[in-house]
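Reader: Hi! I have a protein model open and I'd love some help finding my way around. Could we go through it together?

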Amino acid sequence: MDADWRIYSKRADFNAIANRFNIDPVVARVIRNRDVESEEEIERFLYGTLDDCHDGNLMKDMDKGVSIISEKIDAGESIRIVGDYDVDGVTSTYILYDAIRCLGGKVSYDIPHRITDGYGINVRIIEQAASDEVDTIITCDNGIAAFDAVTRAKELGLTIVVTDHHEIQEMIPDADAVIDPHQEGDAYPYKAICGAEVAYKFIRCLYKYRGQELEDRKYIDFVALATYCDVMPLLDENRIYVREGMKKIAETDNLGLAALVRQCSLEGASITGYHLGFVLGPCINTAGRIGSAKEALLLFLEEDEAACASKALALKIGNDDRKKITEDGTALAIETVLREGYDKDQVIVLYLNGVHESLAGIIAGKIKEHFYRPTIVFTDSENEELLKGSGRSIEDYNLFEKLSEVKDILYKFGGHKLAAGLTIQRDELDKIRKELNNRADLNEQQLTPKLMIDVPMPLRYVNMGLIAQLDSLEPFGTANPRPLFAEAGLKVNGLYIYGKRGNVMNISVTDSRGGRFMVMTFDPEGVIEDIKKWFTEEVCDKMLKGAYTGVMLDIAYQPQINEYRGERNIQFLLKNMRPHTA
C-alpha cells in the first residue's frame, strides 16, 4: 500500500546524548523520537529498574481503599473481585484475588460474560453478589462508569471499591473508594497505565499497610501481559514492567502461565513483546471471546500441573480455532467491501452474516488496516431486531466523536477515539453508513497511512553493534515502535524469489558508492504488483530475471540479525518502498 513518508524532526544534541550514555547517535535520535527528552527520562528508558516505578499511594483514594479492604480481611467479611473479560481484566482479577487470598481474606471473583453481560460490572452482578451474602466488592479494569451498578450496590448495603484505569466521564460513581489515576485531584505522575497495574499498585500498598512484605517481582509477569495486550504506551514505568515482566514470564512460578508458555512452544525462548501481544495474549483473550474469561482465570489459579497442561491446551486450541474463524471472517469482509464498492467510501460500514459478534472488533481492525479507512463491522445479536457493531479507526478520524454526532439513530454506543462498540436497529444500517460518510470530511492525505522514519540512514552504516543497541530498546510496541530507517536512490539489480512456497523475495540493490546489499520481504506479490504499477510489466519481468533496468527505489527498512546454522549475518527487512525521484 502507498504510504505518506515522514521523517521525525525532533531536535536534541544527539552527539552529547550518545557520549553521555555511551550509545550510537542513531540510537540517541530514536530515543528522542519517542518523546524521551531529559537525562533522567533517558536514564530510566535505558536502565530503569523496578525501584524507579511510582508509589501507588500517590493515587487518590488509595489509602481509603486499602484501609477498607484491610478491615474487611480482619473482620472475615466476604470480598468479591469483579473484573473484565480481556487480558487486562483477567490478570487484574488474578492479582487481586490471589493476593487477598494469601493475606487470609475470604475472597471470590466474578467476570462478566461478553455476550450476556457486556462490559464491566452491572446490576445483575451486584444483585448476585448480594444473594451470595458478599459484603464488599472490588472492581478492576472497570467500574469508573458503572453508575447504576454502584448505586444498586449501595442500596443493598454493600461496600464497593472501584479500581480502574479508564478515562473519567462527567462524574465518578458514588463508591466507598474510587482509585483511578485519571480522576481530578489525583497526584499519580504517570496516567497511561492499565487496570492490572492499578490492581498491582493496590496490592503493594495493601501489603505495606498491613506491615507485610511483597516480593518485588511478584505478579509483574501478569502486569507485563496486561500492559502490552491493553496497548498501553511502552514508556516510563510501563516500559520497566513489561521489560522485567518478560524476563519473569520465561521463569514464571505460576503453574498455569508456565503451562501456557509450553503449549505455545515458548519454553526456553527469550520472551519478546511479540510473544505477549500475538501469542500468549490472544490465548487468554479467546476464552472471553468464544466462551467465558473465567476459563483463563482458572488456569492461573490451578495448582495441579496435569490440570494446568489440560487447561492451557484448551486455550491454545480455542485460539487456533478462533484464528481460523477470524481469517474466514476477514476474507468474507474484504470480499463484501469490494463487491459492494465500500472501498470507495471514506468510512467502511458493513454487515457480516454468520460471524460471531465477539470477532467483529478483530475483523474491523484488519479491514481498517487493509483499506486504511475507519471501519465498523456489524453482526447479528441475540435480539433479532438489533445489530451489534464494533469499530476501529485511523489517526485522523475520532470515531467516538463522529458516533456522538449521530447518537440519535444509535440504540447505544461507547468507546474512544480509535475504537468503539455500538448497537443499532437492524433497519438503520444503510442510514448509519450514509450519515457517517456524509459527515466524514476526510481528505486523501488523511486516508493515506503515514510511515514515520526515525533516521535516513544508509544501509552501509549498519553493523552488528548498532543492531544490538537497537534491540536493547525492546520492548517495542505502542509509543515505542521498532526503529525504522530509510535510504533513497538505491539501484535495483534484480528480484529473486525463493522459499518452499515462493513467499520470500530478496531485492538486490546497489548504493551510490557501489556497495551491494540484499533487502528481504515476505510479500513478493506486493512488490511485484507495485513494480508493475510504477514501471510496467515488461520492466518487472526483466527484474525478475536479474536483468539491469535502471530502476531506482527509496527503501524503508529495519535491520536485524539472522542466525542460521551457527552463523550470524545482518539482514535488512523491507517495510516499504517507493520510486526514487531526483
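Author: Happy to help; we'll talk about helix contacts, empty spaces and a few local details. One thing to keep in mind is that this is a predicted model.

Reader: Good to know! Let's start with helices. How do α11 and α14 cross?

Author: Helix α11 covers residues 255-263 and helix α14 covers residues 305-340; their axes come within 8 Å and cross at roughly 50 degrees. The two are therefore oblique to each other. The crossing of α11 past α14 is right-handed.

Reader: Which residues in α11 and α14 meet there?

Author: On the α11 side you'll find Leu 255, Gly 256, Ala 259, Leu 260 and Gln 263. Their partners in α14 are Glu 305, Cys 308, Ala 309, Ala 312, Leu 313 and Lys 316. Sorted by class, this contact of α11 with α14 has 7 nonpolar, 2 polar and 2 charged residues.

Reader: Nice. And what about α9 and α12, at what angle do they cross?

Author: Helix α9 (residues 220-229) and α12 have axes that come within 9 Å and cross at roughly 95 degrees. That makes α9 and α12 roughly perpendicular to each other. From α9, the contact uses Ala 224, Leu 225, Tyr 228 and Cys 229. From α12 come Gly 273, Tyr 274, Leu 276, Gly 277, Leu 280, Gly 281 and Ile 284.

Reader: How many charged residues are in the contact of α9 with α12?

Author: None: the contact of α9 with α12 has 8 nonpolar and 3 polar residues, and no charged ones.

Reader: One last pair, please. Is the crossing of α4 past α8 left-handed or right-handed?

Author: α4 passes α8 in a right-handed crossing. Helix α4 takes in residues 62-75 and helix α8 residues 195-209, and their axes cross at roughly 60 degrees, coming within 9 Å. In α4, the residues that meet α8 are Met 62, Gly 65, Val 66, Ser 67, Ile 69, Ser 70 and Ile 73. In α8, the ones that meet α4 are Lys 201, Phe 202, Cys 205, Leu 206 and Tyr 209. By class, the contact of α4 with α8 counts 8 nonpolar, 3 polar and 1 charged.

Reader: Switching topic: where would I look for pockets?

Author: Try the second largest pocket, with a volume of about 390 Å³. It is lined by 18 residues, and the closest to its centre are Asp 55, Tyr 200, Arg 204, Lys 208 and Asp 216. Helix α8 turns up again here, giving 6 residues, the largest share of the lining of the second largest pocket.

Reader: How does the lining of that second largest pocket divide by class?

Author: It divides into 7 nonpolar, 4 polar and 7 charged residues.

Reader: How many cavities of 30 Å³ or more does a search of the whole structure find?

Author: A search of the whole structure finds 1 of that size. The largest cavity holds about 60 Å³ of space. Its lining is made up of Leu 470, Asp 471, Phe 476, Arg 482, Pro 483, Phe 485, Gln 558 and Pro 559. Two elements, α18 (464-471) and β17 (552-564), give two or more residues to this lining. By class, the lining of the largest cavity has 5 nonpolar, 1 polar and 2 charged residues.

Reader: Anything odd in the backbone?

Author: Here's some background: most residues other than glycine have a negative phi, and most peptide bonds are trans. Against that, Glu 474 and Pro 475 are joined by a cis peptide bond, with omega about 5 degrees. Pro 475 sits in the loop between α18 and β14 (485-498). Another spot to check is Ser 265, which has a positive phi of about 60 degrees although it is not a glycine. You'll find Ser 265 in the loop between α11 and α12 (273-290).

Reader: Last one! What is Val 539 in contact with, leaving aside neighbours within four places in sequence?

Author: Val 539 is in contact with Thr 549 and Val 551. Val 539 belongs to helix α20 (residues 537-544). Between Val 539 and Val 551 there are 8.6 Å in space, C-alpha to C-alpha, and they are 12 residues apart in sequence.

Key
Residues are numbered from 1 along each chain as its sequence is written. This is a predicted model: local features need pLDDT of at least 70, side-chain atom pairs count only at pLDDT 80 or more; totals for chains, interfaces and linings use all residues. Side-chain values use heavy atoms; hydrogens and water are left out. Axes are lines fitted to C-alpha atoms, for helices over the stretch in contact, and angles run from 0 to 180 degrees between N-to-C directions. Helices (H or I, at least four residues) and strands (E, at least two) are DSSP runs, numbered from the N terminus. Angles under 35 degrees count as roughly parallel, over 145 as roughly antiparallel, 65 to 115 as roughly perpendicular and the rest as oblique. A crossing is left-handed if the near helix is turned anticlockwise from the far one by less than a right angle, and right-handed if clockwise. Contact means heavy atoms within 4.5 Å. Ala, Val, Leu, Ile, Met, Phe, Trp, Tyr, Cys and Pro count as nonpolar, Asp, Glu, Lys and Arg as charged, and the others, Gly among them, as polar. On a 1 Å grid over the protein atoms alone, a cavity is a set of points where a 1.4 Å probe fits but cannot get out, and a pocket is an open set with protein on both sides within 12 Å along at least five of seven lines; lining residues have an atom within 4 Å of a point. Grid points are joined across faces, edges and corners, and a volume is the space filled by probe spheres set on the points.
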